[in-house]
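Hi,

Here is the model I said I would pass on. Have a look at it first, and my notes follow underneath.

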2 protein chains.
Amino acid sequence: MTLLDVARRAGVSASTASRALNGIGEMTPATRQAVLEAAAELRYVPFPLARSLRTRHTMTIGFVVPDVGAGFYAASLRGAQHTLVDAGYHIMLMDSERDLEEEVAALRTLVAHRVDGLLLATTGIDRETFEREVGDRTPCVFFDGVLDDVGVGAVSPDNLGGIRILVEHLVEHGHRRIAFLSGAQTESSGRERLEAFRLVAGEAGLNAPDDYVRLCDWDTGSGRAATLELLALDESPTAVVAASEDLALGCLQACRERGVEIPRDLALVSFDDCYFAELLAPPLTALRAPAGETGRLAAELLLEALPNPGAPRREERVPLSLVARASCGCPMDQR
Amino acid sequence: MTLLDVARRAGVSASTASRALNGIGEMTPATRQAVLEAAAELRYVPFPLARSLRTRHTMTIGFVVPDVGAGFYAASLRGAQHTLVDAGYHIMLMDSERDLEEEVAALRTLVAHRVDGLLLATTGIDRETFEREVGDRTPCVFFDGVLDDVGVGAVSPDNLGGIRILVEHLVEHGHRRIAFLSGAQTESSGRERLEAFRLVAGEAGLNAPDDYVRLCDWDTGSGRAATLELLALDESPTAVVAASEDLALGCLQACRERGVEIPRDLALVSFDDCYFAELLAPPLTALRAPAGETGRLAAELLLEALPNPGAPRREERVPLSLVARASCGCPMDQR
DNA sequence: CTAACGAGCGCAAACGATTGCGTCAATTTG
DNA sequence: CAAATTGACGCAATCGTTTGCGCTCGTTAG
């Protein structure tokens, strides 16, 4: 079942068989036909490894995320997978588990494997390390967390716009004491959201004491703990904007434990939407982006960059829109 | 940066360099040392493709699921990924999108790539097709959905036990009119759960008319639609057991739309737990399995099977336990 | 009728590793 | 001291493809 078998059966050389199957070079229709038939009869399937060794491309894309279990990344993976497979590529998946060393190890492995491209939601790699481990050996598009000016592309949510929508919505509800819950400031999305919050809060003339911005980890447990601290403050906030789905869930959990009722005692809005947001108690108002859109877009950017190495770096923002449910204080008709 | 470069710099042949780096064969410590140093100085990293071509194993595992976006599969992927990477393997991921043809195509690709093993949550492949596409060319462990007696292993939830717990719990709450919401009966988990429901319902002497078992698709929308039908019945059920997370969410959604209050008007229990179950309105009682355990176990079975091809097929059931929250009618203290 | 040309195809060298076998020298044995 | 043994290493084949180059025809032009 190797190319040579096909060639022999068709009575030609391996080179001719190869060219026939790949449709390149000139040849008698009869010859081509013979090869095709032989291949069909033998159920010949080319061996990608051997081909890759020769052609220097693997048709494989490395995909690295902090946590495949998290809704946003799982959805992104789904989006990317679809468009990549359609283009004939495969995904080699690595989960960095929000650990920078794991992430670097993953990148190293992927580069060693000579993946044709990288889709990276970094957990906070720095420019220097990235240049050392990847450099321009492998085209990389960042998504979610972004490193300025590095890689062939970047797609991230419209962090400033999103935070603005969230904060302004809370302000419209009359809130002045608004807290901000975010994860570690190791990657750009986290930083941008914090910066945006400070900016917008300033514009709105809010009194946002330092106590009100809590920078913890990106998981539910941390969100819960941070909220507990917030609730224990002398003058506790009347509203909180959570910078991620998990953080919002942690906040919800903390409130439930403490018996603080949302939105009566505390309003809550979340940056990430999730597919079950509507079914939470209370339904969570959040920013909506088409599910998996980030991953899909990132994959597309990468696919466009692959054939033309010289192309300029492209940057995309995925727009966000508010879906107001109950947790912000909006009345919820039961649909 | 090839092995030959290392060999030259160390003043030995490629064979010796290879043996030195792999620690096989006898050789002077000095020689080994020289090779190691040369490799370090050149930052030599072996090229997996070339190695694989020769050794006939790729250190890659194919992972196929119906939907990476779904909580259960994302968690499984996470579990499997971790143990596989620890063992030096990588994951090539394919999403069948609950489409049998896509699944078959994925398997074909994976087999062509000569992955060393397969982790497959089938969307309903039949024995014949599996034998044709995979056969015993590639060791496969099934998880979630299982094909009897095929593959080197299988891990699935304790469907009978789980359903029994769920139904009996509802019966303890006094329910007699219990409906069952399941997805397509194309794979074994779905079938087992239905069968289990029928069995347990019979044992408990419930009147479970055919109208009460709704077999739709596995997504939220279908669960919603099916629930709507259930609610429209002349004598509608007082409780429903949903065979998956998405189905439970769909049911929740339908109830919310129709203004039926859970658990007062309708009790609901779910087969799958999810990380946000506690925060739903109402908190969802469900069966708990350690997150990602299914995937982890499947990966372990596969890893054990890889070195000994003759080993008997292993089958594992992951045990389930009830975590009673409010949706079944249990009182929920606010913790 | 011969020269030039091009179409059609094969030879063999890559790609980068692993590995069976052979060689050579140093050592041990008789 | 010759022969046998063994340890350390190199040669070359191999895995399955792709591809540059050259060969051999048949055709056309001069």
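Chain A has a radius of gyration of 25 Å, where a compact globule of 335 residues would come out near 20 Å (taken over C-alpha atoms; the globule rule is 2.2 Å times the number of residues to the power 0.38). Its C-alpha atoms fill a box of roughly 85 × 45 × 30 Å along the principal axes.

Before the rest, some housekeeping. This is a predicted model, so local features need pLDDT of at least 70 and side-chain atom pairs count only at pLDDT 80 or more, while totals for chains, interfaces and linings use all residues. Residues are numbered from 1 along each chain as its sequence is written, and chains are lettered from A and ligands numbered from 1 in the order in which they are written.

Back to chain A: there are twelve helices and twelve strands (DSSP runs numbered from the N terminus, with helices being H or I of at least four residues and strands E of at least two). Of the 335 residues, 51% count as buried (20 or more other C-beta atoms within 10 Å of a residue's own; 12 or fewer is exposed, in between is partly exposed, and C-beta atoms are placed from the backbone).

The strand I'd look at is β2(A). Six of its six residues are buried, so it is largely enclosed by the rest of the structure. That holds on both faces, with A:H90, A:M92 and A:M94 on one side and A:I91, A:L93 and A:D95 on the other. Within the chain, β1 (residues 60–65) runs parallel to β2(A) and is joined to it by six bridges (strands pair if DSSP finds at least two bridges between them); A:V64 has A:M94 as its bridge partner there. Add helix α5 (residues 71–86) of chain A and you get a right-handed β-α-β unit (with the strands pointing away from the viewer, the path from the first strand over the helix to the second runs clockwise).

β2 of chain A also pairs with β2(B), antiparallel, over three bridges. A:M92 sits opposite B:M92, and A:L93 has B:I91 as its partner. The contact between the chains takes 33 residues from chain B and 33 residues from chain A (C-beta atoms, placed from the backbone, within 7 Å). On the chain B side, α4 (48–55), α5 (71–86), β2 (90–95) and α11 (245–258) each supply at least two residues.

Now the DNA. Strand D is surrounded by 26 residues, and the closest are A:L3, A:S15, B:T16, B:E26 and B:M27 (near means a C-beta atom, placed from the backbone, within 6 Å). Strand C has 25 residues around it, with A:T16, A:E26, A:M27, B:T2 and B:S15 the closest. α2 and α4 of both chain A and chain B each give at least two residues to the surface near DNA strand C.

Last, some backbone oddities. Most residues other than glycine have a negative phi, and most peptide bonds are trans. A:A281 and A:P282 are joined by a cis peptide bond with omega about -5 degrees, and A:P282 is in the loop between β9 (267–272) and β10 (285–288) of chain A. B:A281 to B:P282 is cis too, with omega near -5 degrees. A:R43, not a glycine, has a positive phi of about 50 degrees; A:R43 counts as exposed because it has 7 C-beta neighbours inside 10 Å.

Cheers

Note on methods
Contact = placed C-beta atoms within 7 Å.
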